[in-house]
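Hi,

Here is the structure I promised to pass on. Please have a look at it first, and then read my notes underneath.

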Amino acid sequence: MEVKLHDIGEGMHEAEILNFYVSTGQHVKNDEPLVEVQTDKMTAELTSPAEGIVQEIRFEIGDIIKVGTTILSLDTSSFVSERQEQKEHSFLAAGSSSVSTKPYKTENPTRRVQASPHTRRIAREHDVNIEEVTGTGPSGRITEVDIYRFMKAHTKTKNQEEVTDSDLKETQKEFIPFQGRRKQIAQKMAHSLYTAPHVTHFDEVIMSDLIKLKDQLKFEGTSISLAAFFIKALQLALKEHAIFNSKLNEEEGRIELEQEYNIGIATDTGEGLIVPVIKNVEQKTVESIHKEMKELTAKAKDNQLKAVDLTDGTFTISNVGPLGSTGATPILNYPETGLMAFHKTKRAPVVVNEEIVIRDVMNISFTFDHRVADGAQSAAFVNLFIDYIQHPEKMLIKLV
């Protein structure tokens, strides 16, 4: 039985192998964890589809593999009935063929060597058994510097030339591996930017009344973030401007208006940007939105999100104001049609009733797919959102 990398998240194409929980020859039970992988959105465990013996492991930790690729194979012949064997044979015959790869063999299958594909390639090119190398990187990870140090101490290069100090110095340059979530974010952003013609609408909103309401609620014992109010105001504005809660289906030649309002929250983590989704905002109060947003953000930072937390988004927000941002041109979370970013709130002079007064003012930027909507629609949508924020009492008659 072949264990393949299957699609564990919306739009997933590849994943990085983080860890193997088993080794060749090991007995595993049904649903026992086999391998840990990292996609651009989450870390997940792939479990055994049946009881059996690990027959072959085809990749190493750090390798990037495509969806549909066979990671390892199991010998289940001694653990299944004849009926189960026939069912399994039928399933495999109907499935897609695996990607041809060179089997991964290790002299010491119990040791989990941590090294990047680049480092492993250097070891292979110089006939170095990477299992004999001591890693000096984080958590004992083997770096290319470790490979050259090992070579200098124990052997010669393929060309029988001694490793020099200049070779070692060259490898000591700092770098960040372009792989895993960072690589997949890059691919998704490039696809979005080169597929949908982006237009960004800039505006500002006076926050004073909403901040006053937030402070009053906090004084009464209910703490709610401003972002929760933003999400509710967006949902109400999207209800009246449904074109921005839609996705373009080019194959079918139609713009599909979403019936649910699932708002994604762009969240910065140590491994890159990730977008958990609050589902069915139209059915939730501002307080429940706040609680769910905090839970999802905490799970994102702890890398505990599940596939269900990351799928089915219809619109995305980016709250970069707390980081000091005053403006930006966000890239759409494709295939969504719109994304709104909230920037820094600052005290500024504004004209109210022909008088100059000091108010709390926030910049906003709204990016949309110009294939789906036009500037006039964008202005109307943003103006309605601003009206809800500047007059939060108007939201009351719309709330569930």
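Below is what I found, going from the sheet to the helices and then to some backbone details.

Please keep in mind that this is a predicted model.

Let me begin with the sheet. It is open, has 6 strands in the order 9-18-17-16-12-15, and its pairing is mixed. The edges are taken by strand 9 (198–206) and strand 15 (277–278); each has a single partner strand, so one side of each is left without a neighbour in the sheet. At the strand 15 end, strand 12 (residues 263–265) runs antiparallel to strand 15, and 2 bridges join them. If you want to find that pairing on screen, look for Gly264, which stands opposite Val277 in strand 15. Helix 9 packs on this sheet, where it touches strand 9, strand 16, strand 17 and strand 18. The direction of helix 9 makes about 25 degrees with that of strand 9.

Helix 9 (residues 375–390) also packs with helix 7 (residues 226–240), at an angle of about 135 degrees and with the axes 9 Å apart. That angle is why helix 7 counts as oblique to helix 9; the cut-off for roughly antiparallel is over 145 degrees. The crossing of the two helices is right-handed.

Which residues meet there? From helix 7 they are Phe229, Phe230, Ala233, Leu234, Leu236, Ala237, Leu238 and Glu240, and from helix 9 they are Phe381, Leu384, Phe385, Tyr388 and Ile389. By class, this contact has 12 nonpolar residues, no polar ones and 1 charged.

Now for the backbone details, which you may want to check in your own viewer. Tyr334 and Pro335 are joined by a cis peptide bond, with omega about 15 degrees. Pro335 sits in the loop that lies between strand 16 (315–319) and strand 17 (338–352).

The loop between strand 17 and strand 18 (355–369) holds Asn353, and Glu354 lies in the loop between these strands too. Phi is positive in Asn353, near 55 degrees, although the residue is not a glycine. Glu354 is likewise a residue other than glycine with a positive phi, here near 65 degrees.

Are these two loop residues buried or exposed? Asn353 has a relative accessible area of 70% and is exposed. Glu354 counts as exposed as well, at 76% relative accessibility.

Happy to talk any of this through.

Best wishes

How values were computed. Residues are numbered from 1 along each chain as its sequence is written. This is a predicted model: local features need pLDDT of at least 70, side-chain atom pairs count only at pLDDT 80 or more; totals for chains, interfaces and linings use all residues. Side-chain values use heavy atoms; hydrogens and water are left out. Axes are lines fitted to C-alpha atoms, for helices over the stretch in contact, and angles run from 0 to 180 degrees between N-to-C directions. Helices (H or I, at least four residues) and strands (E, at least two) are DSSP runs, numbered from the N terminus. Angles under 35 degrees count as roughly parallel, over 145 as roughly antiparallel, 65 to 115 as roughly perpendicular and the rest as oblique. A crossing is left-handed if the near helix is turned anticlockwise from the far one by less than a right angle, and right-handed if clockwise. Contact means heavy atoms within 4.5 Å. Ala, Val, Leu, Ile, Met, Phe, Trp, Tyr, Cys and Pro count as nonpolar, Asp, Glu, Lys and Arg as charged, and the others, Gly among them, as polar. Buried means under 20% relative accessible area, exposed over 50%, partly exposed in between (1.4 Å probe, protein chains only). Two strands pair if DSSP finds at least two bridges between them.
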